[in-house]
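Trainee: Pick one part of this structure and give me a close look at it. Then tell me what surrounds it.

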Amino acid sequence: MKNKKIQDQLITYGIVIAAYIIMEILIKTGNLSSHMKGLLVPMTYYAVIAVALNLCVGILGELSIGHCGFMCIGAFFSAFFSKVTENILPTAPRFFLAFVIGIAFAALFGFLIGVPVLRLNGDYLAIVTLAFGEIIKNVINAIYLGIDSKGIHMSLKSSMDLNLEPGGEIIINGAMGITGTPHDSNFTIAVVVLLLSLFVVLNLINSRDGRAIMAVRDNSIAAESTGINVTGYKMMAFTISAAIAGAAGVLFSHNITSLTAASQYFGYNASIMILVYVVLGGIGNIRGSVIAAVILYMLPELLRGLNNYRMLIYAVVLIVMMIFNWSPGVIDTRKKLLARFRKGGSHGTT
Amino acid sequence: MSFLTYLINGLSLGSIYAIIALGYTMVYGIAKMLNFAHGDFIMVGCYVIFTICSTLSGNTIVGIIMAIILCTLLGITTEKVAYRPLRGAASPLAVLITAIGVSYFLENLALLIFGADIKSFSSVIKWSGLSFADGALKIQGVTIVTIAVSVVILIVLQLFIHKTKEGQAMLAVAEDRGAATLMGINVNRTITLTFAIGSALAAVAGALLCSAYPSLSPYTGAMPGIKAFVAAVLGGIGSIPGAMIGGLVLGIIEILSKTYISSQLSDAIVFGILVIVLLVKPTGILGKKIQIKV
Amino acid sequence: MALLEVNNLSIAFGGLRAVDDFSINIEKGELYGLIGPNGAGKTTVFNLLTGVYKPNEGRIKLDGVDITRDNTIKINHAGIARTFQNIRLFHQLPVIDNVKVGLTERFRYSALEGILHVGRYKSVEKQIDEEAMKLLKVFDLDGERDVLASNLPYGKQRKLEIARAMATSPKLLLLDEPAAGMNPNETAELMDTIALVRKEFDMTILLIEHDMKLVSGICEKLTVLNFGRVLKQGETKEVLADPEVIKAYLGE
């Protein structure tokens, strides 16, 4: 069993690495259009955030529908840092520190949201994360932040209200966001981040903390009377999940010239799209999330004609998958059909 | 005087939240699920009225009645097709995710049919309102009607629940579904009825919402829906008077913070209140302590 | 000094005094039965002892330490483990992991070591594995170690719940109607399991039970609850012969 778990883990890493090598070969041999090449990094950070969300939904058993909000936090804090230090630090340490900062702030926000919500039972986390995802966009869109020799200036009104010196630079320009973040992300780094996220999540699942987290998911009352600190473990899993979403955000902001807190990237719809990846890949199945994210991200690009119906199809997929996988009635029917099929099969052989 | 105007506007917005919150709280209390799509039922109601009144230039009353009928049918169908199969599922997340799916479905269906552009909705209330103190204090017709409608709905709903057999059945199912079944109550029918009432209320709320804020898009219902949930939590989820109080309080806070603090941050303030309530008194103003059964 | 000392415990829900002036002393190594008609407040006593409910009055002492106001988690760490009337397993986890969860607090390494699989991770995980297997063997569940808990047959689910409770290395084990829903064969097997737990772990046990055969067969002492109050307390034989107790069970 122990070996089987390790083997399982290695297969997951193997799939990612194999996919990476194939893509690299396609690029090197010139078989990948530049349009497709541009999709590789986004595809990978969506896989990263799907892994993060699955940790929250599948392993912890709490629904977050504002995970893109944590991605937004990671994106903006890291972009801000990179922009400010662009001419001070060389690329490699700067990008590394950008990751540290993006991840740390996403984790901090995850922790702060978790404190009031995670000690409660019920559906509050879903609402609060949704609200958080929406609010964080509003707040960032309202922030003007600039820098000059006197230090950092901030305003909630307009860039003029910053009163910058002539040489000063606007970093965050309200709804126009941050422009000109150094383009540090690339496919290789994105894949490394994905592998590290997988490493963290899969290792966590196979540790005493991971078992405790899943125990909380399966029966929090029993977990408590088994001496498990339910709230503590919920906080831990949720914070790690937010941190990984933050890492996806760092990849995001360093892959785009003009970073804005737009709904299309960080809003409700984007968060639901990630949820679709998780549900389709299998709730609690980390490898499935990666595969589903890659396929579902690439699919609409390949089937452009269906673009108008894409969201609608996602919605139907979500409903149908949930009923198919979780409805007690459907599960019963499936079991019966399977039993009959097996019976029929054995009749055939005898 | 202007403060009074804002306060009345707050009451009006709060009344709309209250009507939506009633639907949320009833479904939550009786079916034990968070119907994420509830806010989108509002949007559906608005589009029905919009289509009948503006596109087909039909009668307003007909439009409202059609919206109520269609939303009720939508609520019943959604419950039957999407939610009922998941009753008793191993994970409580199953029905919640499905509800999100329904919400997403309705929004994107509306997007396909009506497009993303914002339609301007003509108010269903033609009355211009009252003016006091030589015009220093003007109260719009839609404001007065909204507040009046919500009061009537609250009274009727309270009478229905406490005086009729169906209402008593709802209370019983909310208290203990298993025991209610043993007492011969048809749980499925009771839950269907709850969804029907909640969805009909959503249509009414839609008509009032779009009359007060006349811009209609596929996402019209989402934010008010979420805020109404905040109102329901604030008042004490499961409690009908609580939903009313929570709605009014939230509406007033929102209008006042929009006016006196910042319109961009008013949503953040509203949700800040949710977080504070969850920290200080998760059961809300009128909610009773939930005893976990071990 | 008794292992568990409970004095004048009371709790009221609304106007109803669910448990009223309840006292009990359980000596180390005893197998003590808590019986009474339906709704007498037996499970409420368990919930008070494990901190699920806080009493309005009274004291609970375990091994001399006052745990009256502690929460469920702390009480478990102090040494009380329990099972539930309606089985509560970690149903999506394999059998062995259910037991390993019980070992979480006893065999520790830091979260970072766990995430990176470095430091004490390997050696402690090995200990956890061995300890869990030892427990599964005692309860004859080692053949099902990788089966999901929800796929175990009923009788084995009960056993697994006891094994998980034992993994926390308690001083006192509370069993809430362990024989509920079992046929006579399973009940007999359960009685063997309980005897085994006492022998192997020198365990003190308090159990709620309806099955009089089981109670009279294994319990040394009994407390009878009726309407939240102690009706009779003492040696099993005496208690069961008491006319009041017979009346409470059989009615007038």
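Mentor: What follows starts from one strand of chain C and works outwards.

This is a predicted model: local features need pLDDT of at least 70, side-chain atom pairs count only at pLDDT 80 or more, and totals for chains, interfaces and linings use all residues. Residues are numbered from 1 along each chain as its sequence is written, with chains lettered from A and ligands numbered from 1 in the order in which they are written.

Take strand E8 of chain C, residues 204-208. Helices (H or I, at least four residues) and strands (E, at least two) are DSSP runs, numbered from the N terminus. A residue is buried if 20 or more other C-beta atoms, placed from the backbone, lie within 10 Å of its own, exposed if 12 or fewer, and partly exposed in between. In E8(C), 5 of the 5 residues are buried, so the strand is largely enclosed by the rest of the structure. Both faces are covered. C:Thr204, C:Leu206 and C:Ile208 are buried on one side, C:Ile205 and C:Leu207 on the other.

Now its partners. Strands pair if DSSP finds at least two bridges between them. E8(C) pairs in the parallel sense with strand E3 (residues 31-35) of chain C, over 4 bridges. There, C:Ile208 is the bridge partner of C:Leu34. E8(C) also pairs in the parallel sense with strand E7 (residues 172-176) of chain C, over 5 bridges. C:Ile205 stands opposite C:Leu173 in that pairing. From E7(C) the chain crosses through helix H7 (residues 184-201) of chain C to E8(C). This β-α-β crossover is right-handed: with the strands pointing away from the viewer, the path from the first strand over the helix to the second runs clockwise.

H7 of chain C also holds C:Lys199. That residue is exposed, with 9 other C-beta atoms within 10 Å. C:Gly79 is 120 residues from C:Lys199 along the chain, and their C-alpha atoms are separated by 18 Å.

Chain C has another sheet to look at. It is open, with 4 strands in the order E2-E1-E4-E5 and antiparallel pairing. Strands E2 (16-26) and E5 (65-66) of chain C stand at the edges, each with a single partner strand, so one side of each has no neighbour in the sheet. E5(C) pairs with strand E4 (residues 57-62) of chain C over 2 bridges, in the antiparallel sense. In E5(C), C:Val65 stands opposite C:Leu62. Helix H1 (residues 42-49) of chain C lies across strands E1 (4-13), E2 and E4 of chain C. H1(C) runs at about 65° to E2(C). Axes are lines fitted to C-alpha atoms, for helices over the stretch in contact, and angles run from 0 to 180 degrees between N-to-C directions.

Last, the neighbouring chain. Two residues are in contact if their C-beta atoms, placed from the backbone, lie within 7 Å. The contact between chains C and A takes 29 residues from chain C and 22 residues from chain A. On the chain C side, helices H2 (72-78), H3 (95-103), H4 (111-116) and H5 (121-138) each give two or more residues. That side divides into 11 nonpolar, 11 polar and 7 charged residues. Here Ala, Val, Leu, Ile, Met, Phe, Trp, Tyr, Cys and Pro count as nonpolar, Asp, Glu, Lys and Arg as charged, and the others, Gly among them, as polar.
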